[in-house]
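Before reading detail into a predicted model, it helps to ask how far its coordinates can be trusted and where its backbone departs from the usual pattern. Please look at the sequence and structure with both points in mind.

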Amino acid sequence: MTDSNAGPARTRYAPSPTGPQHIGGMRTALFAWLFARRHGGQFILRIEDTDQKRSVPGSLEMILQSFDWLGMDIDEGPREGGPYGPYVQSERLELYQAWAAWLVENGHAYKCFASVEELAEMRAAGAGYDRRYRDTSAARAANLEAQGLPYVIRFKMPLTGVTVGEDMIRGPIEFDNDKMQDAVLLKSDGYPTYHLAHIVDDYHMKISHVTRAVEWLPSFPLHLQIWKAFAWEEPQFAHLPVLLNPNGKGKLSKRKQQFTDAAGKSVPVLVQEFIEAGYLPAAVMNFLCNIGWNYGDNEEIFSIAQAIERFDLKDVNPANSAYPIAKLDWLNSQYIQRAGDDELCRRLKPILEKAGYSVDGERLKRVAPLLRVRLKSLNDVLPMAGFFFDDWTAFSPPAVDILIQRKMDDQQTAAVLRDAILVLERLDDFAPEAQQAAMASYAKATGFKNGQVFGTLRAAVTGQRVSPPTFETMEILGKAESLRRLKLALASLQQAVA
């Protein structure tokens with residue numbers, strides 16, 4: 001066989017379709033994608049579904065949604081097609097079976113007829129598979145097969161010596177061959193194991209660089225020996241560090257969904273959970289880049305285009321990294337602040353609509369800029385500004401404890417409301433600057449603090465303790481609606497304390 005890996009960088013992400021896309025796997029995919037883009041190559045999505053028992057319907061759709069949401073384009077894959085398809089392993093079974101047979105015919109693998117009972121005995125002895133069928137003659141193997149006995153195909157791992165592998169992140173690594181098992185390559189049902197399938201696929205799809213989690217490092221010598229048996233030049237390998245729980249203890253589980261950490265922080269771990277939590281895809285991409293890789297120049301915020309210009313697998317830190325979820329909230333707020341008005345509106349509208357609000361596009365264009373510096377998550381729009389999109393005719397004034405500001409009583413609050421109505425009614429210009437100037441003059445003349453007066457107005461017109469800027473809010477509500485709400489608040493307060 002000849003070298004199939006010449007040419008531009010070709011990387012791949014090969015998930016199993018076992019459910020929603022985990023963020024750890026997405027980081028692996030991102031690093032492979034960045035490397036391919038950095039070196040002008042192709043990024044391939046391949047679905048490894050040979051473990052049929054664990055496959056979950058709809059998983060491919062969830063995986064593709066994750067890539068689409070993050071903006072990671074796929075050059076070849078089940079949806080995109082390509083010259084080396086099919087890109088789903090269960091559709092390539094004949095290829096794996098043919099190459100497994102080739103390994104047997106050329107003395108690199110053998111048929112193992114060990115029964116379930118035999119394997120159980122070996123496990124009980126604690127030594128693993130004892131290679132009892134490794135040297136079975138061709139005639140005896142044919143006889144056992146003729147009897148209808150099921151078999152698997154195992155690889156003949158060298159029994160002595162060492163295997164040396166070069167890892168792009170960790171450098172050269174040496175493994176003792178006598179500590180390796182004769183791994184199963186093809187199961188009795190004709191389906192390959194990962195050990196065989198990914199190598200056959202990587203060769204035929206001309207993959208030049210393999211990125212995968214460090215958990216595969218113990219299998220690295222086995223894979224290198226299989227490449228050697230085929231006489232194929234292997235790709236370059238990078239075994240990525242794993243993500244640890246936010247406290248740095250234990251690996252972030254691939255099976256776990258969103259959980260609450262010791263500090264009470266909600267920790268999303270599935271891409272769908274990031275979408276539902278109101279994170280911007282650009283912020284999540286930036287966040288993932290920062291886990292195990294450093295852009296340099298003390299820069300924590302950078303675009304994907306900038307990351308592509310600098311990314312190299314050799315620069316990945318080999319140490320496992322704690323999952324820095326607290327940093328994501330800060331990053332997300334920074335990206336929201338930098339988002340254009342149109343993008344922010346586009347992101348906020350479906351969140352409001354999903355919550356049951358009827359969204360007027362023109363009003364949203366006026367509201368969104370007021371929120372930019374106040375949102376950590378897009379979902380914060382609901383408690384912060386949902387009132388803008390409620391039925392205004394159904395507005396109810398706030399409870400007394402929300403209306404009365406710090407170091408004020410009900411009588412003082414009522415006085416501020418009565419006076420504010422008179423001051424604002426006289427304004428011909430209802431722009432925020434005119435409102436604020438008039439109410440600041442009122443506060444100075446009466447001895448109230450600006451915060452007390454402004455806070456009373458905010459609570460009266462929004463019904464909330466926290467909202468966008470008070471006078472900008474009143475401008476959007478309009479003079480008539482703002483005055484109506486102030487009068488409702490005054491009447492409600494007087495009734496409550498009567």
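The briefing below takes up model confidence and then a few backbone features.

**Confidence**

- This is a predicted model, and the chain averages a pLDDT of 94, with 98% of the residues scoring at least 70.
- Over residues 1-6 the pLDDT stays under 50, although the model has 16 contacts for this stretch beyond four places in sequence.
- Where pLDDT is low, the predicted coordinates should not be read in detail.

**A cis peptide bond**

- Most residues other than glycine have a negative phi, and most peptide bonds are trans.
- Gly85 and Pro86, however, are joined by a cis peptide bond, with omega at about 0 degrees.
- Pro86 belongs to the loop that runs between helix H2 (59-70) and helix H3 (93-105).

**Positive phi outside glycine**

- Lys206, which is not a glycine, has a positive phi of about 60 degrees, and this residue sits in the loop between helix H6 (194-204) and strand E8 (209-213).
- The relative accessible area of Lys206 is 30%, so this residue counts as partly exposed.
- Lys407 is likewise not a glycine and has a positive phi of about 60 degrees, here in the loop that links helix H15 (400-403) and helix H16 (410-425).
- With a relative accessible area of 71%, Lys407 is exposed, the cut-off for that class being over 50%.

How values were computed: Residues are numbered from 1 along each chain as its sequence is written. This is a predicted model: local features need pLDDT of at least 70, side-chain atom pairs count only at pLDDT 80 or more; totals for chains, interfaces and linings use all residues. Side-chain values use heavy atoms; hydrogens and water are left out. pLDDT is the predictor's confidence in each residue, from 0 to 100. Contact means heavy atoms within 4.5 Å. Helices (H or I, at least four residues) and strands (E, at least two) are DSSP runs, numbered from the N terminus. Buried means under 20% relative accessible area, exposed over 50%, partly exposed in between (1.4 Å probe, protein chains only).
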